[in-house]
Amino acid sequence: MNIEIFRSCDESGGATLVMFRAEGVFWAGEDREMLVALGVDPDMAFSGKAGRTRLCSGAAGSCFLVGLGKADEVDADAFRSAVGTAVRAAAGQELARLAVDAGHLDRLGLDGDMTAECVTDVLLAGYRFTTFKSDPGEDDAPVSFAILGGGDDMRVRLDRAMAVAEGVRLARDLVNTPSNVATPEHLAGVASGLAAQYGFSVQAFGPEEIIAMGMGSFASVFRGSDTPARFIVLDSDPDGGRPLVFVGKGVTFDTGGISLKPAAKMHEMKGDMAGAAAILGLFKAIGLAGGSPRRVVGLLPCTENVPGSRATKPGDVVTAMNGKTVEILNTDAEGRLILADALAYSARFEPEILVDLATLTGACLVALGTKVAAVFATTAELDQRIREGGSRVGERYWPMPLWAEYGVPLKSDVADLKNIATREGGAIYAAMFLKNFVPEGVDWAHLDIAGPAWTDENVSVFRPGGTGFGVRTLWELVGAYAEDGGEMAL
């Protein structure tokens with residue numbers, strides 16, 4: 001979809017003007033004038049209910065009215081849903097070109113840069129994954145979307161918004177790609193491509209190198225697979241001082257290993273690398289935006305988890321990079337094993353903050369459902385920045401505890417730790433396990449994104465499949481830690 005900027009509707013080449021309205025709210029004076037200029041009656045009936053649309057034609061052009069829902073419930077999430085409605089409904093009306101007035105968006109009274117938000121949402125709502133379709137069919141979104149008016153910095157703002165959207169779209173593509181294509185080597189290739197295009201530093205270590213570095217916990221997961229593992233290290237600016245370090249779980253397919261999963265919906269386990277995909281999406285956004293105000297390092301342990309003659313067995317004991325020994329009681333609790341070594345590896349960067357993202361536990365799905373991720377943070381400041389930044393962009397988090405008593409059930413009779421505890425509180429035990437591998441003195445947060453990383457719904461700005469969850473949170477977090485107070489944030 002092309003994103004364009006014009007000074008007025010007259011220059012947009014006949015694009016249909018999109019206007020948003022809540023229930024029981026009257027048009028502002030400037031909005032009435034725009035409708036009159038199109039030859040559209042501003043007093044015509046329109047409920048403004050969520051999901052409702054109305055196409056109006058006048059002598060000088062057309063207007064597409066989109067409902068925001070109840071006035072006292074209109075927020076940024078309601079706006080995103082309305083944008084998604086506009087994109088999908090426009091296809092049904094065969095509207096190839098849409099436009100929105102920047103002043104109209106400002107008059108909605110919502111916090112933040114709603115013009116930039118609108119552009120990001122339009123690009124996400126128009127996303128389709130058709131790579132493996134012999135006949136992808138027609139696009140079910142407008143060909144172009146125009147912004148009318150705005151200040152002198154509009155181009156910069158929109159370029160930044162488009163960069164974020166492209167980062168999310170890359171993460172979605174990677175999660176949606178089948179595991180026979182999106183192998184660890186494929187992810188390493190994506191990382192190398194980003195590095196070559198945008199000047200990042202990249203390293204991709206193979207199985208022998210991973211073992212040589214002492215990553216016995218990580219190695220225990222890839223033992224059963226003939227598909228070579230990769231440990232990917234992306235660095236936006238190796239000479240840029242103390243970095244923000246992000247670790248992403250990259251299990252490209254998870255059968256559960258010897259502790260085999262049930263067959264139902266196992267195909268969705270191609271998305272068990274959504275954490276790694278989110279970090280690759282962040283780096284694409286950084287590259288497209290022309291760089292980051294802070295040095296960012298991405299650590300991506302990538303592997304399959306499959307049964308095989310050499311696969312780790314329940315009861316085996318392995319030694320992690322930091323010297324701790326782990327009794328593996330369940331090979332389907334593999335994500336924490338690869339993350340453990342990546343967290344330990346981060347010590348060499350002396351990170352200012354350390355954040356991991358992982359589709360880690362079904363227990364988190366049971367606790368929070370599919371709309372919210374869990375955040376486990378060692379400091380209130382990091383917890384707040386993640387939750388506030390995520391809320392601004394529609395990625396919500398709920399705080400979970402890291403109380404010391406949750407560490408006791410993880411003690412093993414034969415090793416330092418075991419990789420599971422009781423079924424109850426499973427998401428907390430997983431986080432407590434990871435905490436053992438965080439470098440001392442580093443502010444750390446674990447984001448369990450098992451629920452919102454994937455959706456079966458076609459709503460708001462989402463299509464069934466990978467959501468790209470986490471990219472926008474990380475973007476906001478980098479902005480929050482920028483020296484100038486957050487120039488990256490939209």
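## A quick tour from Phe-79 outwards

Let's start inside this predicted model with Phe-79, which touches Phe-20, Leu-68, Leu-105, Leu-108, Leu-110, Met-114, Glu-117, Cys-118 and Asp-121, leaving aside residues up to four places away in sequence. Apart from the core that Phe-79 belongs to sits another core, this one with 49 residues, including Val-245, Ile-338, Leu-339 and Ala-431. Below you'll find the inside, the whole chain, its surface, and two residues with an unusual backbone angle.

**The inside**

- The largest nonpolar core holds 88 residues, and Phe-20, Phe-79, Phe-246 and Leu-280 are the ones that touch the most other members.
- Helix H5 (residues 154–176) gives this core its largest share, namely 11 residues.
- In soluble globular proteins, nonpolar side chains tend to be buried together.
- Looking at the whole protein chain, 55% of its 490 residues count as buried.

**The whole chain**

- If you go looking for helices and strands in the protein chain, you'll find 14 helices and 20 strands.
- With a radius of gyration of 24 Å, close to the 23 Å that the globule rule gives for 490 residues, the protein chain is as compact as a globular protein of that length.
- Lay the C-alpha trace along its principal axes and it spans about 80 × 45 × 40 Å.
- Take the contacts in the protein chain with a separation of 6 or more: 75% of them are between residues 24 or more positions apart.

**Surface and charge**

- About 19500 Å² of the protein chain is exposed, with carbon and sulfur atoms supplying 48% of that area.
- Count the charged side chains and you get 44 positive and 65 negative ones in the protein chain.
- The centres of these two sets of charges lie 4 Å apart.

**Two residues with a positive phi**

- Most residues other than glycine have a negative phi.
- Lys-265 isn't a glycine, yet it has a positive phi of about 60°.
- You can find Lys-265 in the loop between strand S10 (250–254) and helix H9 (274–288).
- Is Lys-265 buried, partly exposed or exposed? Its relative accessibility is 47%, so Lys-265 counts as partly exposed.
- Glu-350 isn't a glycine either, and its phi is positive at about 45°.
- Glu-350 lies in the loop between helix H10 (335–345) and strand S14 (353–358).
- Glu-350 has a relative accessible area of 56%, and the cut-off for exposed is over 50%, so this residue is exposed.

Terms used. Residues are numbered from 1 along each chain as its sequence is written. This is a predicted model: local features need pLDDT of at least 70, side-chain atom pairs count only at pLDDT 80 or more; totals for chains, interfaces and linings use all residues. Side-chain values use heavy atoms; hydrogens and water are left out. Helices (H or I, at least four residues) and strands (E, at least two) are DSSP runs, numbered from the N terminus. Buried means under 20% relative accessible area, exposed over 50%, partly exposed in between (1.4 Å probe, protein chains only). The radius of gyration is taken over C-alpha atoms; the globule rule is 2.2 Å times the number of residues to the power 0.38. Contact means heavy atoms within 4.5 Å. Accessible areas come from the Shrake-Rupley method with a 1.4 Å probe; for residues, only the protein chains shown count as cover. Lys and Arg count as positive and Asp and Glu as negative; His and the chain ends are not counted. The place of a charge is taken as NZ of Lys, CZ of Arg, CG of Asp or CD of Glu. A nonpolar core is a set of buried Ala, Val, Leu, Ile, Met, Phe, Trp, Tyr and Cys residues joined through side-chain atoms within 4.5 Å.
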